[in-house]
Amino acid sequence: CTCSFLDTDRALVLLEEYCKKLKKPEEQQLKKAIRKVMGIFKSSLFQALLGSFAKKATRHGAVSQPSLPAAVAYDVLGCPKD
């Protein structure tokens with residue numbers, strides 16, 4: 001299911017935009033943690049697990065929820081979920 005990969009890309013864009021706003025010294029630890037999460041989202045293992053999860057969800061008819069990466073990005077950024 002390509003929608004999960006597109007959601008991952010969107011999450012990465014949102015997280016990258018947020019990281020650019022973190023400039024204060026006390027925000028650097030948060031920035032480092034977000035970059036670590038971004039690295040996980042980009043990993044081939046995560047992408048494979050996400051693809052497997054999406055296939056199972058599609059088979060069981062549970063596809064209406066946003067992907068895990070998008071949900072995490074929305075939570076971190078405080079964005080409303082569509």
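In which helix is the place of Q47? Q47 has its place in helix α3, and the legends below introduce this predicted model one close-up at a time, returning to Q47 in a later view.

**Figure 1. The whole protein is built from four helices and zero strands.** Followed from the N terminus on, the elements run α-α-α-α. Of the 82 residues in the protein, 28% are buried. Among the contacts with a separation of 6 or more, 57% are made by residues that stand 24 or more positions apart. The accessible surface comes to about 5800 Å², and carbon and sulfur atoms account for 61% of that surface.

**Figure 2. Helix α2, covering residues 28-42, is shown from end to end.** This helix has 15 residues, and the distance from its first C-alpha to its last is 21 Å, which is close to the 21 Å expected at 1.5 Å a residue. The buried residues of α2 are I34, M38 and F41. Seen down the axis of α2, these buried residues fall within an arc of 55°, so they line one face of the helix. As background to this arrangement, an α-helix has 3.6 residues a turn, so residues three or four places apart point the same way. The face of α2 that is turned away from the buried side carries Q29, K32 and K36, which are exposed.

**Figure 3. The largest nonpolar core of the protein has ten residues.** Its members are A11, L12, L15, C19, L22, I34, M38, F41, F46 and L50. Helices α1 (2-21), α2 and α3 (44-59) each supply at least two residues of this core, and α1 gives the most, with four residues. The buried residues of α2, namely I34, M38 and F41, can be found again in the list of core members.

**Figure 4. Two core residues, A11 and L15, are picked out together with partners that are distant along the chain.** A11 lies in helix α1, and because its relative accessible area is 0%, under the 20% that sets the limit for buried residues, A11 is counted as buried. Between A11 and M38 there are 8.6 Å in space, C-alpha to C-alpha, although the two are 27 residues apart in sequence. L15 also lies in helix α1, and with a relative accessibility of 1% L15 counts as buried too. L15 and V37 are 22 residues apart in sequence, and their C-alpha atoms are 9.1 Å apart in space.

**Figure 5. The final view returns to Q47 of helix α3 and adds T8, which is found in helix α1.** Is Q47 buried or exposed? Its relative accessible area is 18%, and because the limit for a buried residue is under 20%, Q47 is classed as buried. The side chain of Q47 reaches the backbone oxygen of F41 at 2.6 Å, and F41 is itself one of the buried residues of α2. T8 is likewise buried, with a relative accessible area of 1%. Along the chain T8 and Q47 are 39 residues apart, while a distance of 8.7 Å separates their C-alpha atoms.

Notes
Residues are numbered from 1 along each chain as its sequence is written. This is a predicted model: local features need pLDDT of at least 70, side-chain atom pairs count only at pLDDT 80 or more; totals for chains, interfaces and linings use all residues. Side-chain values use heavy atoms; hydrogens and water are left out. The expected span of a helix is 1.5 Å times one less than its number of residues. Buried means under 20% relative accessible area, exposed over 50%, partly exposed in between (1.4 Å probe, protein chains only). The arc is that of the directions from the helix axis to the C-beta atoms. Contact means heavy atoms within 4.5 Å. Accessible areas come from the Shrake-Rupley method with a 1.4 Å probe; for residues, only the protein chains shown count as cover. A nonpolar core is a set of buried Ala, Val, Leu, Ile, Met, Phe, Trp, Tyr and Cys residues joined through side-chain atoms within 4.5 Å. A polar contact is a pair of N or O atoms within 3.5 Å; within protein, one must be able to donate a hydrogen and the other to accept it, and residues adjacent in sequence count only if both atoms are side-chain atoms.
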